[in-house]
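Here's a quick tour of one protein model. Have a look at the structure first, then read on.

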Amino acid sequence: MSDRIAEVLDELRALTARDAPTKGGRVLSYVYDTGRSDIDRVAHAAAEIVQSVNGLDPTAFPSVAALERDLIAFARPLFHGDDDVVGSVTSGGTESCLLAVKTARDVWRAQGGEGRARLLAPVTVHAAFQKAAHLFDLRLDLVPVDPATGALDPNALTRRLGPDVAIAVASAPSYPFAHLDPIATIAAHTADHGIALHVDACIGGFALPWWPDVPEWDFRIPGVTSLSADLHKYGYAPKGASILLQRGRDRHAAQYFATTRWPGYPVVNPTLLGSKAAGPMAAAWAITRLLGAEGYGELIDRTRVATERLVTAVTAIPGVRVMGTPTGPLFALAADTATDARTQVDPHHLADAVRRRGFVLQQQPGLAQSDGTRLPPTTHLTITPVTADAADDLIATITDAGDEVRGRPAADPTPVLAALSSADPSDALNLLGLRAGELPAEQATLTALIEALPHDAAEGILVSLLQSLIDPNAASE
Ligand SMILES: Cc1ncc(COP(=O)(O)O)c(C=O)c1O
């Protein structure tokens, strides 16, 4: 390697030195690590082979069509899709969710739907659907869930069905609390009304097929019209690969955007992007080839054993409870408010204390629902196969961190709130002691502030914070 190339790569390595570690099970969200170097190797090599290919055009690059076809053929039987189920590979969960909504809206319009369509879903549905409603101009109708467990009462959703609903969405399971929505019951009603029902299995899709005792959640249910499952989550592919399946070739056709009305090449896009990488898809393809359904099953068995051990262990920690009844390899922790204040463990202080000890858990702010009830603040854990190796250490760490913060009241945002003289987001960053371009080491106060502020203000502050991270003029080193 030339000296210059080595220097450039060293510079890149140095930039990643402060990143959360993507290997070894230290980060309990964002990354899905099998702990198997053969999987990483095949993914890396496969992506490299197609590095220069443009996924935009399967006629110029027939390999991209072959890879996509194979991935759809691999996924379809896992989700019990018959020959009528077809689909596309997208760049990720968000794109799959966006396209499911766009497609349903267009089908609804084609069937005579008029005015503004409605998207109906439990409040726990992934935020990608809020983005979809925003981008495609649907009215977002979020149904409150049980504030103690995060569970959806299907009647609360089905009684809101109506002719303006272009799509209902249920999760398998939900990201915040791992609740498996009652999909069969919802589907019976949506099918009666001829309304599309999307199952968001972005996180659960490549785990639940091997999870024991899961009620039916996929294309076995006749009313399910589309389903998303992420290859870059429990498919273990590098980021940039998800599957969106549609029941019916007509529905799949409605997902496409095509135009011959410009002086350039005819544009026929099944997904949101134009030119796109083939690498993540090739990596996903290679991993499915290497593992087969059986290999996935073995990895999920390991993950399930680790998940069960962790759930049992944290349930035994005084002052902590697991939110609801999780299905699949993820769950959330809340303070056990049934115990006295001195015993309770605030989940955000817990996450900060765990982080000081080297594991990264994700803080989730509490949320007021439209019926006035409040979902509690929680801390999220996504378990991956490699967590099995780190489980003893993780359990000891959470237990020890729990002892440190037990009885400590939740972070109080009042001083920052009171000092916030204006809606100027940089004010809030200063008050939190942050310089532009800097992230807080302790997040509990920021999370508490997000909870306490009106959504518009909180969102403004967060945008400002993230914007400053990539601003060449910001004062970060
Ligand atoms: C249930 C669910 N849907 C959608 C998404 C969005 O996926 P992505 O981050 O790949 O865009 C996620 C991500 O965690 C998810 O858990």
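## Around the ligand

Let's start with the ligand shell in this predicted model. Sorted by character, the residues of that shell come out as five nonpolar, five polar and two charged. The residues around the ligand are Gly-92, Gly-93, Thr-94, Cys-97, His-126, Ala-128, Ser-171, Tyr-175, Asp-200, Cys-202, Ile-203 and Asp-230.

Which helix gives the most to the shell around the ligand? That's helix α4, spanning residues 93-110, with three residues.

## How the chain is divided

The domain assignment splits out two pieces: domain 1 covers 44-288, and domain 2 covers 414-469. Measuring between their C-alpha centres, domain 1 and domain 2 sit 34 Å apart.

## A pair of packed helices

Packed helices get described by the angle between their axes and the distance between those axes. Here, helix α3 (residues 62-78) packs with helix α9 (residues 279-315) at about 45 degrees, and their axes are 10 Å apart. Because of that angle, α3 counts as oblique to α9. As for handedness, the crossing of α3 and α9 is left-handed.

So who's touching whom? On the α3 side, the contact is made by Val-64, Leu-67, Glu-68, Asp-70, Leu-71, Phe-74 and Leu-78. From α9 come Met-281, Ala-282, Ala-284, Trp-285, Thr-288 and Ala-293. Taken together, the residues of this α3–α9 contact divide into 10 nonpolar, one polar and two charged.

Key. Residues numbered from 1 in each chain as written. Predicted model: local features only at pLDDT ≥ 70, side-chain atom pairs only at ≥ 80, totals over all residues. Near = placed C-beta within 6 Å. Helix = DSSP H or I, 4+ residues; strand = E, 2+ residues; numbered from the N terminus. Nonpolar A, V, L, I, M, F, W, Y, C, P; charged D, E, K, R; others polar. Domains from an automatic or database assignment. Axes fitted to C-alpha atoms, helices over the stretch in contact; angles between N-to-C directions. Parallel < 35°, antiparallel > 145°, perpendicular 65-115°, else oblique. Left-handed = near helix turned anticlockwise from the far one by under 90°. Contact = placed C-beta atoms within 7 Å.
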